[in-house]
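Visitor: I have a protein model open and would like to learn how to read it. Could you walk me through it?

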Amino acid sequence: MLVKKVFYFFLFTIISFTSISQTIDSIPHIHSKERNELTKEERKARRVEHRDSIRTLIKEYIAETRPDYNADSVRRIIESGPHFTLFKDNYFIGGIPVGQKIKANNSNVKFQLSINHRLTKSVLPFNTYLFLNFSQKTIWNVMEESLPMRDMNFNPGIGIGHLIIHKNKYIGRTFIMLEHESNGKDSLASRSWNKVSANTSIMLSKRFNAHLKLWIPIIDSDNNRDILEYNGIGHFGLDYISSNQRFQAGLLSTWRTKSFSFNTQWELSFKLYKKVNQFLFIQYYNGYGENLLDYNQYKSVLRVGFVIKPQGFSIY
């Protein structure tokens with residue numbers, strides 16, 4: 001089933017770019033007989049013309065399929081919008097391990113709460129704005145006696161956001177943040193680190209968004225000196241959104257510095273009601289670093305629940 005979902009996800013990508021290949025086929029090609037009659041300079045000129053035509057078609061396709069958001073209207077939305085908003089996906093999901101024996105200590109609930117507070121009343125120079133954010137991710141062992149919280153990860157941060165405007169269209173945004181993350185425990189169970197991160201989200205088209213986040217780590221705990229080997233120094237994400245805005249699929253991939261391997265997080269969500277921002281949610285996590293306490297333990301977990309998504313982009 002998982003392989004089939006992956007296949008369909010990437011099939012959407014192929015279909016979205018079919019129109020490009022069809023248009024490229026309409027570009028006049030140089031036949032072998034005609035090529036032999038041309039001089040070296042003329043053949044070079046034809047190749048350059050052919051290459052530039054393909055580039056132009058791709059640029060036009062991307063420009064036509066991006067959402068038509070006017071830059072001034074986006075600025076007005078930021079200035080007049082609420083100071084408190086959602087930052088990352090807010091979800092509540094529960095599930096069981098994949099490929100392992102199901103036990104009380106590996107069947108759990110995971111939930112995340114994430115908010116953002118804009119500090120500046122209006123847009124700052126260079127279309128930037130200052131904000132605070134706070135996210136909390138919790139692993140809850142609901143199958144064990146007394147229902148203990150296995151781990152709670154606290155992730156406050158402060159940052160500067162910037163709107164990405166191209167030809168008077170809003171196509172994305174980028175953040176530079178100073179973040180702290182810890183689990184609030186002491187002694188040998190304590191985990192913490194800090195990082196300076198840069199996060200960019202871009203609308204590739206009306207159907208696809210891409211995300212890239214890189215960070216410079218500042219590790220201040222002796223209990224997780226090797227955390228980069230499992231949590232990496234960055235991740236890449238890709239989202240698909242259906243034409244009716246009710247179905248979404250996402251992939252988040254984190255490169256582990258220990259070897260050429262990745263932590264992956266697959267997500268499927270379906271909006272229950274057209275005008276309500278609530279989705280049925282399926283998430284599959286495979287790899288290390290899902291939570292701080294168990295950052296160096298491999299996990300393969302499938303969970304189901306619901307999610308409330310922020311307006312615009314989902315931030316990982």
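Guide: We'll go from the overall layout to strands, rings, charges and then a single arginine.

Guide: First, some ground rules: this is a predicted model, where local features need pLDDT of at least 70 and side-chain atom pairs count only at pLDDT 80 or more, while totals for chains, interfaces and linings use all residues. Residues are numbered from 1 along each chain as its sequence is written, and side-chain values use heavy atoms, with hydrogens and water left out.

Visitor: How many helices and strands does the protein have?

Guide: Helices (H or I, at least four residues) and strands (E, at least two) are DSSP runs, numbered from the N terminus. Here you get six helices and 13 strands.

Visitor: What share of the residues counts as buried?

Guide: Buried means under 20% relative accessible area, exposed over 50%, and partly exposed in between (1.4 Å probe, protein chains only). Of the 316 residues, 44% count as buried. As for contacts (heavy atoms within 4.5 Å), take those with a separation of 6 or more: 57% of them come from residues 24 or more positions apart.

Visitor: Now the strands. Which way do β11 and β12 run?

Guide: Two strands pair if DSSP finds at least two bridges between them. Strand β11 (residues 261-271) and strand β12 (residues 279-287) run antiparallel, with eight bridges joining them. To find your place, look at Gln-265, whose bridge partner in β12 is Tyr-285. On to β13 (residues 299-308): this strand pairs with β12 over nine bridges, also in the antiparallel sense. There, Tyr-284 has Leu-302 in β13 as its bridge partner.

Visitor: How many aromatic pairs are there?

Guide: Rings of Phe, Tyr and Trp (its six-membered ring) pair if their centres lie within 6.5 Å; planes under 30 degrees apart count as stacked, over 60 as edge-to-face and the rest as tilted. The structure holds 14 such pairs. Take Tyr-129 and Phe-131: their ring centres are 6.1 Å apart and their planes meet at 45°, so this pair is tilted. Both residues are buried. Tyr-230 and Tyr-288 make another tilted pair, at 5.3 Å centre to centre and 55° between the planes. That pair links distant parts of the chain, 58 residues apart: Tyr-230 sits in helix α6 (residues 228-231) and Tyr-288 in the loop between β12 and β13. Tyr-230 is buried at 12% relative accessible area, whereas Tyr-288, at 22%, counts as partly exposed.

Visitor: Which residues form an aromatic cluster with Tyr-129?

Guide: Phe-87, Phe-131 and Phe-175 join Tyr-129 in one cluster.

Visitor: And how many salt bridges are there?

Guide: A salt bridge is a side-chain nitrogen of Lys or Arg within 4 Å of a carboxyl oxygen of Asp or Glu. The count comes to eight. One of them joins Asp-294 and Arg-150 at 2.7 Å, N to O. Asp-294 lies in the loop between β12 and β13 and Arg-150 in strand β5 (residues 149-166), so the bridge ties together parts 144 residues apart in sequence. Asp-294 is buried at 4% relative accessibility, while Arg-150 is partly exposed at 34%.

Visitor: What about Arg-303 and Glu-290?

Guide: Their side chains meet in a salt bridge at 2.6 Å, N to O. Arg-303 is in strand β13 and Glu-290 in the loop between β12 and β13, so this bridge ties parts 13 residues apart in sequence. Arg-303 counts as buried, at 1% relative accessibility, and Glu-290 is buried too, at 3%. Arg-303 and Glu-290 also belong to a salt-bridge network with Lys-110, Arg-150, Asp-294 and Lys-299.

Visitor: Last one: which side chain of opposite charge is nearest to Arg-256?

Guide: For charge, Lys and Arg count as positive and Asp and Glu as negative; His and the chain ends are not counted. The answer is Glu-229, 8.9 Å away, and Arg-256 is buried yet has no salt bridge. You'll find Arg-256 in strand β10 (residues 247-256).

Visitor: What does the side chain of Arg-256 reach, then?

Guide: A polar contact is a pair of N or O atoms within 3.5 Å; within protein, one must be able to donate a hydrogen and the other to accept it, and residues adjacent in sequence count only if both atoms are side-chain atoms. The Arg-256 side chain reaches the backbone oxygen of Phe-262 at 3.2 Å, and a 2.6 Å polar contact joins the side chains of Arg-256 and Asn-263. Leaving aside neighbours within four places in sequence, the residues in contact with Arg-256 include Tyr-230 and Tyr-288.
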